[in-house]
Amino acid sequence: MKKHNYSLLPHNSFGFDIEADTFVDYSTEAELIDFLRHNNADDTPLLHIGGGNNLLFTGDFAGTVLHSSIKDISVTDETDDSITLRVGSGVVFDDLCRYTVEHNIGGLENLSLIPSEVGAAAIQNIGAYGTEIKDLITKVDTIEIATGKRRTFTAAECMYGYRNSIFKTALAGQYIVVYVGICLTKNPKPNIEYAALRNELADNKEPSIYDVRQAVIHIRNAKLPDPKVLGNAGSFFKNPYCTRSYYEDLRRKYCDIPHYDISEEEVKIPAAYLIERCGFKGIRYGNVGAYDKQPLVLVNYGGATPDEVIALADNIEKSVLSEFGISLEREVIYV
Ligand code: EPU
């Protein structure tokens, strides 16, 4: 499907009514290769999106926006304990979570309800409640934009990090993910190490992965705004890393400052805490604000412009830097 002057309203969770010059939705690898070889000879800017849940369009896009509707799922390997799936990049991530949990296949339950599609999930290394998708990915099949040729990346070659991969760094804008290999277990053992999840399941001595999925859905619904109701792109910033000694210094002044251990030398601090301490929790400026239950999420209360969100984000970054000496890094990508 190819459309011109196409509204991206259904494709950006902030809910901005902006347009792309051209929008191309493909359903097969062959269709994508054909587009890259024959329709993309000029220098028109190209942007590949997933569910548009992690993007901030700063205005209309003067180029072609590509979207995958490759939705087939197949089993590529199966043992007594494990099952490896080859999942199309256009599969809605939570549809995959629900399907696997319903079939008692474990691994994805903690990632329930993350608004994403499978290709974007593999690029962004989505994570929640103690699970990151990188630990389940076996390989990523891609098409090189410049040549239309296939290339498969092993999980190690993807260079995964916290909300990061080679597709966002050294090879950004060069490859399109078409399929993702995901290895799951047929003997699920729920991971409820994450404090909020453990609390939610406190009365359940032997939670199943179905219970974990329900608990995650409950926590997310209680804390995070539904983008269909209130435009947002999830966490706007990443949780910053700092040295342990810097954290200890901060703790002298802010005795309740939380942290997660990363290594002997490094800790991660919840950005939500820093933003709340700077007074932004629940604040509203015009049509935008920092969500009252989770200030790491910036929301469009309706009719906001991209500039309003950017101004609020800049304001937060400046305040956190001046109060804590920490530079917040954006998780949301500006286009
Ligand atoms: N906190 C506050 N004030 C608040 C909310 C939280 O101080 O209003 C502090 C608390 O100390 C809390 C801590 O922040 O314990 C962590 O909060 P939460 O469990 O809500 O998680 P998060 O670190 O803010 C991350 C991910 C989320 C993911 C959750 C659960 C990032 C940038 N965000 O948020 O991912 O769902 O953990 O695992 O890593 C996303 O990436 O879009 C996203 C929503």
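**Exercise 1.** In this predicted model, determine which element gives the largest share of the shell around the ligand.

*Solution.* Helix 7 gives the largest share of that shell, with three residues. To place this contribution, list the elements that supply two or more residues to the shell: helix 5 (209-223), strand 13 (231-235) and helix 7. Next, consider the shell as a whole: 24 residues surround the ligand, and the closest are Y129, Y162, Y194, E276 and K281. Finally, sort the shell by character, which yields twelve nonpolar, four polar and eight charged residues.

**Exercise 2.** Identify polar atoms of the protein that lie 2.6 Å, 2.7 Å and 2.9 Å from an oxygen atom of the ligand.

*Solution.* Begin with the side chains: K281 places a polar atom 2.6 Å from a ligand oxygen, and Y162 places one at 2.7 Å. Then turn to the backbone, where a polar atom of S235 is 2.9 Å from an oxygen atom of the ligand. As to burial, the ligand taken alone exposes 820 Å², of which the protein buries 82%.

**Exercise 3.** Describe the largest nonpolar core and the surroundings of I275.

*Solution.* The core holds 45 residues, and F236, I269, L274, I275 and I316 touch the most other members. Elements giving two or more residues to this core include strand 2 (19-26), strand 5 (61-68), helix 6 (244-253) and helix 7 (271-277). Helix 8 supplies the largest share, seven residues. Beyond its neighbours within four places in sequence, I275 contacts F237, F280, K281, P295, L296, I316, V320 and L328. A second, separate core has 38 residues, among them L85, V140, Y160 and L197.

Conventions: Residues are numbered from 1 along each chain as its sequence is written. This is a predicted model: local features need pLDDT of at least 70, side-chain atom pairs count only at pLDDT 80 or more; totals for chains, interfaces and linings use all residues. Side-chain values use heavy atoms; hydrogens and water are left out. A nonpolar core is a set of buried Ala, Val, Leu, Ile, Met, Phe, Trp, Tyr and Cys residues joined through side-chain atoms within 4.5 Å. Buried means under 20% relative accessible area, exposed over 50%, partly exposed in between (1.4 Å probe, protein chains only). Helices (H or I, at least four residues) and strands (E, at least two) are DSSP runs, numbered from the N terminus. Contact means heavy atoms within 4.5 Å. A residue is near a molecule or strand if one of its heavy atoms lies within 4 Å of it. A polar contact is a pair of N or O atoms within 3.5 Å; within protein, one must be able to donate a hydrogen and the other to accept it, and residues adjacent in sequence count only if both atoms are side-chain atoms. Accessible areas come from the Shrake-Rupley method with a 1.4 Å probe; for residues, only the protein chains shown count as cover. Ala, Val, Leu, Ile, Met, Phe, Trp, Tyr, Cys and Pro count as nonpolar, Asp, Glu, Lys and Arg as charged, and the others, Gly among them, as polar.
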